[in-house]
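Here is a short, friendly walk through the model for anyone meeting it for the first time. Keep the 3D view open and follow the points in turn.

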Amino acid sequence: MITVKLFAILKDKAGRNELQMNGGPATVADLLQAVAAAYPALSDIIARGRIMVSVNREFSKRDAPVKDGDEVALMPPFSGGGTAPTQRVRIQREPFDVNQEIEGIKKTSASIGAVVTFLGTTRDISKEKQVAKLEFEHYPGMAEKKLAEIREQAIKDYGVIDAGIVHRIGTLPVGENIVLIVVAAGHRDEAFRACRFCIDELKRITPIWKRETTPDGEVWVEEHP
């Protein structure tokens, strides 16, 4: 059997978060066709071709092979957010302390001359509609892995000394902190560039989704600035 995990709007449409498919499909494309046939509620969104697919927690193309025992995740576009590979990278439900995270990074090296942070918070207006609360869902294991890859790439490409990424999940009221990125470097230029890289990549490749509660109901956010 192939385990197919569903997230965000896909989970809502199917009324479940996991499917079990037989091992007949040979490729991702074959599996998508089988899922669409077995679960008509998902056929439209699959046909539009906007979903992302991972096989065993690695992004995969439509011609990638699948076999019995594989874990396949079907994911809508990300709205960006276990044990992380490093304590510098965490996904958690509880609030984080911004000052504590900064002080932790600063202790990494006496050569640090600049610390740049990005703090994302929940706002009360989205697309001109009032927002009462936000809910964040992630793909456990894969999300932490992608955040760790982003951190490592930032350190390698921009020559910074250290970096940390913390992202919250669960239900958050307006005004709460969502995500924090802290980058330490010898100089400000590389720190700024690395911080911008981290948040942009987080929103691009990390399987974290956001659902907003507005006067019109609940909506999964797929695209945002």
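1. A word to start with: two cysteine sulfur atoms make a disulfide when they lie within 2.5 Å of each other. Please also keep in mind that what you are looking at is a predicted model. A search through the whole structure turns up zero disulfides. Cys195 is in none, and its nearest cysteine sulfur belongs to Cys198, 6.5 Å away.

2. Why does Cys198 not bond to Cys195? The closest cysteine sulfur to that of Cys198 is in Cys195 at 6.5 Å, which is too far for a bond. Both residues are worth a look for their surroundings as well. Cys195 has a relative accessible area of 5% and is buried, and Cys198 is also buried, at 1% relative accessibility.

3. Next, the sheets. One of them is open and built from five strands, in the order E2-E1-E5-E3-E4, and its pairing is mixed. At the edges stand E2 (18–21) and E4 (58–59); each has a single partner strand, so one side of each has no neighbour in the sheet. To see one pairing in detail, find E1 (residues 2–6), which is antiparallel to E2 and joined to E2 over four bridges. Within that pair, Val4 has Leu19 of E2 as its bridge partner.

4. Another open sheet has four strands, ordered E12-E10-E14-E15, and here the pairing is antiparallel. Its edges are E12 (170–173) and E15, each with a single partner strand, so one side of each is left without a neighbour in the sheet. From one strand to the next, the twist averages 25°. Inside this sheet, E10 (residues 133–138) pairs with E14 in the antiparallel sense over six bridges, and Lys133 stands opposite Thr213 in E14.

5. Two strands of that sheet lead us to a pocket. The second largest pocket has a volume of about 170 Å³. Which elements give two or more residues to its lining? They are strand E14 (208–214) and strand E15 (217–221), and E15 gives the most, with five residues.

6. What lines this second largest pocket? The lining has 12 residues, and those nearest the centre are Lys127, Lys129, Glu212, Thr214 and Val219. By type, the lining residues of the second largest pocket divide into six charged, three polar and three nonpolar.

7. Now please turn to strand E13 (residues 177–185). Is E13 largely enclosed or open to the outside? Eight of its nine residues are buried, so E13 is largely enclosed by the rest of the structure. E13 pairs with E7 in the antiparallel sense over eight bridges, and six bridges join E13 to E11 (residues 162–168), also running antiparallel. Val179 is a handy landmark in E13: Gly120 stands opposite Val179, and Val179 is the bridge partner of His167.

8. A last stop is Phe118, which lies in strand E7 (residues 114–121). Is Phe118 buried, partly exposed or exposed? Its relative accessible area is 30%, so Phe118 is partly exposed. Phe118 and Ile181 are 63 residues apart along the chain, yet their C-alpha atoms are separated by 5.1 Å.

Methods
Residues are numbered from 1 along each chain as its sequence is written. This is a predicted model: local features need pLDDT of at least 70, side-chain atom pairs count only at pLDDT 80 or more; totals for chains, interfaces and linings use all residues. Side-chain values use heavy atoms; hydrogens and water are left out. Buried means under 20% relative accessible area, exposed over 50%, partly exposed in between (1.4 Å probe, protein chains only). On a 1 Å grid over the protein atoms alone, a cavity is a set of points where a 1.4 Å probe fits but cannot get out, and a pocket is an open set with protein on both sides within 12 Å along at least five of seven lines; lining residues have an atom within 4 Å of a point. Grid points are joined across faces, edges and corners, and a volume is the space filled by probe spheres set on the points. Ala, Val, Leu, Ile, Met, Phe, Trp, Tyr, Cys and Pro count as nonpolar, Asp, Glu, Lys and Arg as charged, and the others, Gly among them, as polar. Two strands pair if DSSP finds at least two bridges between them. Axes are lines fitted to C-alpha atoms, for helices over the stretch in contact, and angles run from 0 to 180 degrees between N-to-C directions.
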